[in-house]
Every structure is written in structure tokens, then in C-alpha cells.
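Work through the exercises below with the model open in a viewer. Each one sets a task and then solves it in steps.

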Amino acid sequence: MAEENKSATLTIDGQSYELPLHSPTAGPDVLDIRKLYAQAGVFTYDPGFTSTASCDSTITFIDGVKGELLHRGYPIDQLAGKSHYLEVCYLLLYGALPTAAELETFESTITRHTMIHEQMYNFFRGFRRDAHPMAIMVGVVGAMAAFYHDSTDISDPVQREIASHRLIAKMPTIAANAYKYSIGQPFVYPRNDLDYAGNFLNMCFSVPAEEYQVDPILSRAMDRIFTLHADHEQNASTSTVRLASSSGANPFACIAAGIACLWGPAHGGANQACLEMLKEIGSVDRIPEFIARAKDKDDPFRLMGFGHRVYKNFDPRATVMKQSADEVLDLLGVENNPILAVAKELEQAALNDPYFAEKKLFPNVDFYSGVILEAMGFPTSMFTPIFALSRTVGWISQWKEQLSDPAHKIGRPRQLYLGETERDYVDIENR
Ligand code: ACO
């Protein structure tokens, strides 16, 4: 916890209370209200947590006004340009960039945990074949607790470490299996001679009938998508993981909870929703109609891939993602892709519109990721599972940080109750 060097005074009905103000290493000061209820008998009210810090953390920092994202202090554009996903995983998990030897050991550990228990394939086969891959992932990741009993004791740091490695290593296998199952193709086992992203592409796109060569440019683009989604401080799914974990739940159950939360279209499901929206718009001449709908208070339609709770400027991940989209589409010879044309034109139309400027609505990471994933051959239903596998390291890092804090408590918000006060039960014949 940061040092208390300032305080604020709250006055209620003439009675004053001193509340400590913590100064973080970056970002706004944080008013500490932990003793407020005990001292003043009042709660604070903040649905959606727009003004509430739920924990202290040293992992990720976002300055939404500047459009800045730092992992352990390193800017995301430097990590996306110079590093790669497994190195970023190490950084998030352990707090520092690895030495060459540390990285080699870490990569070897992750590579050697990519297989899943053979009986877990029965779980996949139990789903309807038209199941959404996110539904399969929630179920199968939760079911890992039934297979890996030696890594569910959260009080043991060694078991926590093993669970972390297992989750990072097996998530691509689980996501790829969910995809293969949905298209009726045989499951492809992981290959240790491929890197993390290349192995995932191979498990998704190779078939036993013919050789599949992983294109290094696509593998690099995939790795960059993983890197850009690796962590994002206390977002909805991460907060869900922390809340589930606060009760002492096992790591696999906590990550399954995070996957469930990520699925929603206001969060990780936005990449699927964004591409579906771009397809529905279809051509640039229909953009004004959709912009008008997004601005209409009586129409629930929103521009998917636009707006963010924290960023009130460009999402720095969107800038890198846009460059990646150009590279991938160029490589695949689809630079004249109509969806990309709609995306580029829509971005400009929204950025030049006073409604979006006034509300500080800018493209977020999901605006361009779907365009790249579709060009690579993924169906829209796989976009959010890819986000989930990328974010697993963020969830795990935050989970580990929470559990290693000896002062951690069960999360238990209070409420502003507006229901009936006490009343007597009325027998059914008298209602
Ligand atoms: N299109 C049109 N108007 C919007 C949009 C949008 N995409 N996003 C916000 N607004 C408007 C709202 O109508 C609201 O207007 P009002 O003040 O006149 O009522 C104002 O902007 C503020 O919106 P809120 O919903 O209050 O902002 P909040 O911070 O709660 O929501 C969110 C953020 C959920 C991301 C929202 O911008 C949204 O729904 N965007 C589309 C979905 C999306 O792209 N989600 C991905 C987020 S990034 C991620 O999870 C990886």
C-alpha cells in the first residue's frame, strides 16, 4: 500500500472524519474509505465502480487521458514491437524482464505443459457441435480443477505456480479444440517444436490429411494480438477473477469465471460484435445511417469497438492493431478487403463527428483485431476465445498478486437498499 501523506475531511451532519489519501506511483490519489463505515456508519455508492479502486496493484497502469498503457512500467507499443507474448507473460507474472536463461526456462516449462489430460477430450465431445467456443471454454477450464488436483491448493505457492503455468500453456490447446470440435475436424495435438503462437495456429488450421506450414508473418501477427490483450488492470473480467478468488476458490474455477465475464459484448465479446457490425454495414455508403443510429438516444445500437471506460483518448493497443491489420491484409493479398474499407471509413467518420468527440469515444483494441482474425481464417465465434487465451496471463498475474498479499479479504460490496421495509407475510387466501 502506498504511503499515507495526505488526508481529506468528510463532514456528515456536522461531524468530521479524516480519511487518508494514498499517493500512487502514477495516477490520481486514492481516498481510503476502509474505516468509513466503522467510524461514520455510512457506505459509499459507486455502481459500475467508476470512482473506486478495488485493490492495490503493481502490474499494469493505464492513463486513459493520455492513452497510455504500461505493463510493469514498459509501454505497450514497445512490448508489441520489440518483445513477444511469452516474454510479456514472464514480465506480468514475475515483475521484471527475464534474462536469456530465465526466458529459456520459462518457455520450456510452458511448452511442456501444453497437452491436456486425454480424458478431457470427452468433455469436448459432450457439447452440442454448434456450441459457442466460449461456452466450451468456460466449461472445460472449470473442469481442469477435476483433473489437476496437485495444483488447486491456493495456500501453497508452488501449487499456485504450477496452476499458473498449466493455464497459460493449456489455454491455446483448449481454445483450438473448441474450434476444431465446432467444425467437425479432428483435434490436433500441440507441437513442442513450434512457438506459442505458431503452435496455436497449427492446432487450429492443420489437418491430418495434409501438411500445414505456419507462416512466420501470421505467427508474428497472432503473437502480437496475444501481447496486446495480455493484461488491462482491473477490468470487468479481471475483477471477476479477483472476486471469485477472494472466497478461496481454486484457480481453474476463478479463470472460468473470468472467461464467463469476458464473453459479454460490452467487454471481450466486442470483437465479434464489431466484425458482425462491419459486415452488416457492408459498404461505405451506409456508414452515415449507422452513425446516426449510434447517436440516436432511442436506438440501443452502439458502435462496437468504440468507447472505453478508461480511455478517453486513442486506445494505444488500437494503434498497433491497425498497423498489424495493414501488414496481415497486405501479406494475404486482401488489402482491398471491403470490411477493412468500411472499418477505415467508419473510424474517420466517427472521429470527425462532434458526438463522438464530445463524449471522447475513440476506437478501442477490438476495432481492428476482428479484421485481422477474419483475414487469418478464424470465424467470428473464435475472436473472444482468442482474447480469453491472451488475457489468461493477466488474470493469473492479478490472481497471484492478490493471494500473495497477506491482508487480502473476501470481496463483499454493500448496497443502497431501496426495497420494502419489514412487513408481515400475508396468507395466500388473503392476497
Ligand atoms: N457508440 C455510441 N455511443 C456510445 C458508445 C458507442 N460505442 N459508447 C458509449 N457511448 C455513449 C453512451 O450512450 C453515453 O452517452 P450519454 O452520456 O449521452 O448517455 C456515453 O457515451 C457514455 O457511455 P457509458 O456507457 O456510460 O460509458 P461506459 O464507460 O459505461 O461504457 C463501454 C464503456 C461499455 C466500452 C461503451 O463505450 C460501449 O458499450 N462500447 C461498445 C462496446 C465495446 O466496444 N466494448 C469493448 C470495450 S474494450 C474491451 O473490453 C476490450
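I136 counts as buried, at 0% relative accessibility. The model is predicted, and every value below is computed from it.

**Exercise 1. Place I136 in the fold, and find how far its C-alpha atom is from that of P385.**

Step 1. Locate the residue. I136 is in helix α6.

Step 2. Classify it. The cut-off for buried is under 20% relative accessible area. I136 has 0%, so it counts as buried.

Step 3. Take the C-alpha distance. I136 and P385 are 249 residues apart along the chain, and their C-alpha atoms are separated by 9.6 Å.

**Exercise 2. Repeat the analysis for G258 and H84, and state whether each is buried or partly exposed.**

Step 1. Start with G258. Its place is helix α11, residues 251-262. With a relative accessible area of 0%, G258 is buried.

Step 2. Add its partner. The C-alpha atoms of G258 and A388 are 8.4 Å apart, with their positions 130 residues apart along the chain.

Step 3. Move to H84. This residue sits in the loop between α2 (76-82) and α3 (85-94). Its relative accessible area is 25%, so H84 is partly exposed.

Step 4. Add its partner. H84 and F226 are 142 residues apart along the chain, and 8.8 Å separates their C-alpha atoms.

**Exercise 3. Describe the residues around the ligand and their polar contacts.**

Step 1. Count the shell. There are 21 residues around the ligand. K297, L303, G305, R309 and K359 come nearest.

Step 2. Sort the shell by class. It holds 11 nonpolar, five polar and five charged residues.

Step 3. List contacts to ligand oxygen. A polar side-chain atom of H267 is 3.0 Å from an oxygen atom of the ligand. For R302, an N or O atom of the side chain lies 2.9 Å from a ligand oxygen atom.

Step 4. List a contact to ligand nitrogen. The side chain of Y355 has an N or O atom 3.1 Å from a nitrogen atom of the ligand.

Step 5. Work out the cover. On its own, the ligand has 920 Å² of accessible area, and the protein covers 74% of that.

**Exercise 4. Find how many aromatic pairs the structure has, then characterise the pair F123 and F147.**

Step 1. Search the whole structure. The result is 26 aromatic pairs.

Step 2. Get the geometry. For F123 and F147, the centres are 5.8 Å apart and the planes make an angle of 75°. The pair is edge-to-face.

Step 3. Map the pair onto the chain. F123 is in helix α5 (residues 120-126), while F147 is in the loop between α6 (133-143) and α7 (157-182). They are 24 residues apart, and the pair links distant parts of the chain.

Step 4. Check accessibility. F123 is partly exposed at 36%, whereas F147 is buried at 17%.

**Exercise 5. Decide how the rings of F306 and F356 are arranged.**

Step 1. Get the geometry. The ring centres are 5.8 Å apart and the planes stand at 70°.

Step 2. Apply the cut-off. Planes over 60 degrees apart count as edge-to-face, so the pair of F306 and F356 is edge-to-face.

Step 3. Map the pair. F306 lies in the loop between α13 (287-295) and α14 (316-331), and F356 in helix α16 (residues 354-358). This pair, too, links distant parts of the chain, with the two positions 50 residues apart.

Step 4. Check accessibility. F306 counts as buried at 11%. F356 counts as buried at 3%.

**Exercise 6. Identify the members of the aromatic cluster that includes Y85, and the charge over the ring of Y37.**

Step 1. List the cluster. Y85, Y179, Y196, F200, F205, Y212, F226 and F378 form one aromatic cluster.

Step 2. Find the charge. The charged end of R414 sits over the ring of Y37, 5.9 Å from the ring centre.

**Exercise 7. Examine the backbone at D13 and K360.**

Step 1. Recall the background. Most residues other than glycine have a negative phi.

Step 2. Inspect D13. Its phi is positive, about 50°, although D13 is not a glycine. D13 lies in the loop between β1 (4-12) and β2 (15-22). At 81% relative accessibility, D13 is exposed.

Step 3. Inspect K360. Its phi is also positive, near 55°. K360 is in the loop between α16 and α17 (366-376). K360 counts as partly exposed, at 41%.

Key: Residues numbered from 1 in each chain as written. Predicted model: local features only at pLDDT ≥ 70, side-chain atom pairs only at ≥ 80, totals over all residues. Heavy atoms only, no water. Near = heavy atom within 4 Å. Polar contact = N/O pair within 3.5 Å; in protein donor to acceptor, adjacent residues only side chain to side chain. Areas by Shrake-Rupley, 256 points an atom, 1.4 Å probe, with all protein chains shown as cover. Nonpolar A, V, L, I, M, F, W, Y, C, P; charged D, E, K, R; others polar. Phe/Tyr/Trp six-rings, centres within 6.5 Å; stacked < 30°, edge-to-face > 60°. Helix = DSSP H or I, 4+ residues; strand = E, 2+ residues; numbered from the N terminus. Buried < 20%, exposed > 50% of the residue type's maximum accessible area, 1.4 Å probe, protein only. Lys NZ or Arg CZ within 6 Å of the ring centre and 35° of its normal.
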